[in-house]
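Subject: Handing over the structure

Hi,

Here is the structure I promised to pass on to you. Have a look at it first, and then read on for what turned up.

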Amino acid sequence: MLPCLNKKLFGIECMGCGMQRSVILIFKGEFVEAFYMYPAIFSLILLFSLIVLNTFKNFRYASKIITILAILNGLIIVGNFVFKTFLNH
């Protein structure tokens, strides 16, 4: 797996730390552990799946749904980062 350059240089995790491990856990079938490793993983999978599907077949309201999912993912990622960095001791 690729090491986190941010963690190596600055000593704190980045907002993407845990994503690789979470994907590996999904492939192993360990879905709950994947969520605990990186809470945004399932909503990211849904977001990217909708983007790919919308590329081939345009869905009604797809742009609104993708926008809402992107905002939701951003909030989950930032919230998880703040929790891991500042609130989890």
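Let me start with a small puzzle: where is Y61 found? Y61 sits in the loop between helix 4 (41-56) and helix 5. One thing to know before going further is that this is a predicted model. I bring up Y61 since its phi is near 65°, a positive value in a residue other than glycine. Most residues other than glycine have a negative phi. Y61 counts as partly exposed, at 48% relative accessibility.

Now the overall picture. The chain has 5 helices and 0 strands, and reading along the sequence gives the pattern α-α-α-α-α. Its C-alpha trace spans about 45 × 25 × 25 Å along the principal axes. Of its 89 residues, 24% count as buried. About 6,700 Å² of the chain is exposed, and carbon and sulfur atoms supply 72% of that. If you take the contacts with a separation of 6 or more, residues 24 or more positions apart account for 30% of them.

Next, the inside. The largest nonpolar core has 8 residues in all: L25, I26, A34, Y38, A40, I41, L44 and I77. Helix 2 and helix 4 each supply at least two residues of this core. In soluble globular proteins, nonpolar side chains tend to be buried together. A40, one of the core residues, touches N73, I76 and I77, leaving aside residues up to four places away in sequence.

Two of the helices are worth a visit of their own.

Helix 4 comes with buried residues I41, S43, L44, L47 and N54. These pack against helix 2, helix 3 (31-37) and helix 5. I also looked at its length: helix 4 has 16 residues, so at 1.5 Å a residue it should span 22 Å, and its end C-alpha atoms are 23 Å apart, which agrees.

Helix 5 has 26 residues, so by the same rule of 1.5 Å a residue it should span 38 Å; its end C-alpha atoms are 36 Å apart, which agrees too. Its buried residues are A62, I66, L69, N73, I77, N80 and F81, and they pack against helix 4.

What about charged pairs: how many salt bridges does the structure hold? There is 1 salt bridge, where the side chains of K84 and E13 meet at 2.9 Å, N to O. The pair links distant parts of the chain, with K84 in helix 5 (residues 62-87) and E13 in the loop between helix 1 (5-10) and helix 2 (19-27), 71 residues apart. K84 is partly exposed, with a relative accessible area of 24%. E13 is also at 24% relative accessibility and counts as partly exposed.

On the surface, you will find a nonpolar patch formed by M15, V78, V82, F83, F86 and L87. Together these residues have about 560 Å² of accessible area. F83 belongs to helix 5, and at 43% relative accessibility F83 counts as partly exposed.

M15 from that patch deserves a closer look. M15 lies in the loop between helix 1 and helix 2, and counts as partly exposed at 40% relative accessibility. Which residues does M15 touch, not counting those up to four places away in sequence? They are Y38, I77, V78 and F81. Two of these, Y38 and I77, are members of the nonpolar core, while V78 is part of the surface patch. M15 and Y38 are 23 residues apart in sequence, and their C-alpha atoms are 9.6 Å apart in space.

For a last stop, try K28, in the loop between helix 2 and helix 3. Is K28 buried or exposed? At 59% relative accessibility, K28 counts as exposed. Its C-alpha atom is separated from that of F59 by 32 Å, with the two residues 31 apart along the chain.

That is everything from my side. Enjoy looking around!

Best wishes

Conventions. Residues numbered from 1 in each chain as written. Predicted model: local features only at pLDDT ≥ 70, side-chain atom pairs only at ≥ 80, totals over all residues. Heavy atoms only, no water. Salt bridge = Lys/Arg side-chain N within 4 Å of Asp/Glu carboxyl O. Helix = DSSP H or I, 4+ residues; strand = E, 2+ residues; numbered from the N terminus. Buried < 20%, exposed > 50% of the residue type's maximum accessible area, 1.4 Å probe, protein only. Contact = heavy atoms within 4.5 Å. Areas by Shrake-Rupley, 256 points an atom, 1.4 Å probe, with all protein chains shown as cover. Core = buried A, V, L, I, M, F, W, Y, C linked by side-chain atoms within 4.5 Å. Expected span 1.5 Å × (residues − 1). Patch = residues over 30% accessible without salt bridge, like charges linked within 9 Å, V, L, I, M, F, W, Y side chains within 5 Å.
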